[in-house]
Amino acid sequence: MSHPLVAIVMGSKSDLPALKGAFELLQQFDLPFAARVISAHRTPEIAAEFAGNAEKNGFKVIICAAGMAAHLGGVMAAHTTLPVIGLPMAGEPFNGLDALLATVQMPPGIPVATVTAGKAGAKNAALFAVAILALQDKNLAEKLKAFRADQTAAVIAADMELQLELQK
Ligand code: RP5
């Protein structure tokens, strides 16, 4: 198996259930990925070491999932020039709005490309990683176009189904 190009780093194992959609999408695109539990505040040295060596270790993009104060994306991005996608995790008591703001509000100079919170964000984070890798991979770009075409067809089919139901 080829070396994973995508790293999915989560701040806590408690984030794992929300990431299932990202795992499934990357598998759908036959993209091997590494998944790690690394906390920006509980294991800061490991976070710095992982991000600092990510490029040398063959990664091309890092997805960072974290909840609450959600420093993970910013800390990772501070230690690498690889693209970092921030995925806010929804949690109590602010249902992800805290993590969204913490992740998206990077001061100028160190960007974290932030997707929406939770399961929808997990899918979009994976799709955004695919889009980044597709820039250098024609086969992957074709797969992404096919994915979009399938999605379009599914919506059109759902609309046709609705019209038929309404005619009954
Ligand atoms: C963040 O704090 C994690 O990413 C998680 O979303 C949240 C709560 O972590 P646990 O207390 O469940 O480990 O660091």
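1. A good place to start is Pro93, which lies in the loop between S4 and H4. The peptide bond leading into Pro93 from Glu92 is cis, with omega near 0°. Asn95 lies in that loop between S4 and H4 as well, and phi of Asn95 is near 55°, a positive value in a residue other than glycine. Both details are worth a look on screen, because most residues other than glycine have a negative phi, and most peptide bonds are trans. Asn95 is also exposed, with a relative accessible area of 59%. Please keep in mind throughout that this is a predicted model.

2. Now step back to the whole chain. The protein chain has six helices and five strands, and along the sequence they follow the pattern β-α-β-α-β-α-β-α-β-α-α. The C-alpha atoms fill a box of roughly 60 × 40 × 30 Å along the principal axes. Of the 168 residues, 40% are buried. Among contacts with a separation of 6 or more, 68% are between residues 24 or more positions apart.

3. Next, the sheet. In what order do the five strands lie in the open sheet? The order is S2-S1-S3-S4-S5, and the pairing is parallel. S2 (33-37) and S5 (113-114) stand at the edges with a single partner strand each, so one side of each has no neighbour in the sheet.

4. Strand S3 deserves a paragraph of its own. S3 pairs with S1 in the parallel sense over five bridges, and one pair to look for is Val6 with its bridge partner Val61 in S3. Towards S4, six bridges join S3 (residues 61-67) to residues 84-89, again running parallel. Here Ile63 has Ile85 of S4 as its bridge partner, while Gly67 stands opposite Met89 in S4. S3 is mostly covered, with six of its seven residues buried.

5. To see what that cover looks like for one residue, pick Ile62, which lies in strand S3. Is Ile62 buried or exposed? Its relative accessible area is 0%, so Ile62 counts as buried. Leaving aside residues up to four places away in sequence, Ile62 touches Ala7, Val9, Ala54, Thr80, Leu82, Pro83, Val84 and Ile85. A further distance you can check is the one to Phe33: Ile62 and Phe33 are 29 residues apart in sequence and 9.8 Å apart in space, C-alpha to C-alpha.

6. Two helices can be placed against the sheet. Helix H1 (residues 20-28) lies across S1 (6-10) and S2, running at about 170° to S1. Helix H4 (residues 97-104) lies across S3, S4 and S5, running at about 160° to S4.

7. Which residues of H1 are buried? They are Gly21, Ala22, Phe23, Leu25 and Leu26. In general, an α-helix has 3.6 residues a turn, so residues three or four places apart point the same way. The buried residues of H1 pack against S1, S2, H5 and helix H6 (138-167). Just after H1, Asp30 takes a positive phi of about 55°.

8. The pocket is a useful next stop. The largest pocket has a volume of about 360 Å³. Of the 22 residues that line this pocket, Ser12, Asp15, Ala66, Gly67 and Met68 are the closest to its centre. S3 and helix H5 (118-134) each supply at least two residues of the lining. By type, the lining divides into nine nonpolar, nine polar and four charged residues.

9. Finally, have a look at Met68, one of the residues closest to the centre of that pocket. Where does Met68 sit in the chain? Met68 is found in the loop between S3 and helix H3 (72-78). Phi of Met68 is near 60°, a positive value in a residue other than glycine. Met68 is exposed, with a relative accessible area of 53%; the cut-off for exposed is over 50%.

Note on methods:
Residues are numbered from 1 along each chain as its sequence is written. This is a predicted model: local features need pLDDT of at least 70, side-chain atom pairs count only at pLDDT 80 or more; totals for chains, interfaces and linings use all residues. Side-chain values use heavy atoms; hydrogens and water are left out. Two strands pair if DSSP finds at least two bridges between them. Helices (H or I, at least four residues) and strands (E, at least two) are DSSP runs, numbered from the N terminus. Contact means heavy atoms within 4.5 Å. Axes are lines fitted to C-alpha atoms, for helices over the stretch in contact, and angles run from 0 to 180 degrees between N-to-C directions. On a 1 Å grid over the protein atoms alone, a cavity is a set of points where a 1.4 Å probe fits but cannot get out, and a pocket is an open set with protein on both sides within 12 Å along at least five of seven lines; lining residues have an atom within 4 Å of a point. Grid points are joined across faces, edges and corners, and a volume is the space filled by probe spheres set on the points. Ala, Val, Leu, Ile, Met, Phe, Trp, Tyr, Cys and Pro count as nonpolar, Asp, Glu, Lys and Arg as charged, and the others, Gly among them, as polar. Buried means under 20% relative accessible area, exposed over 50%, partly exposed in between (1.4 Å probe, protein chains only).
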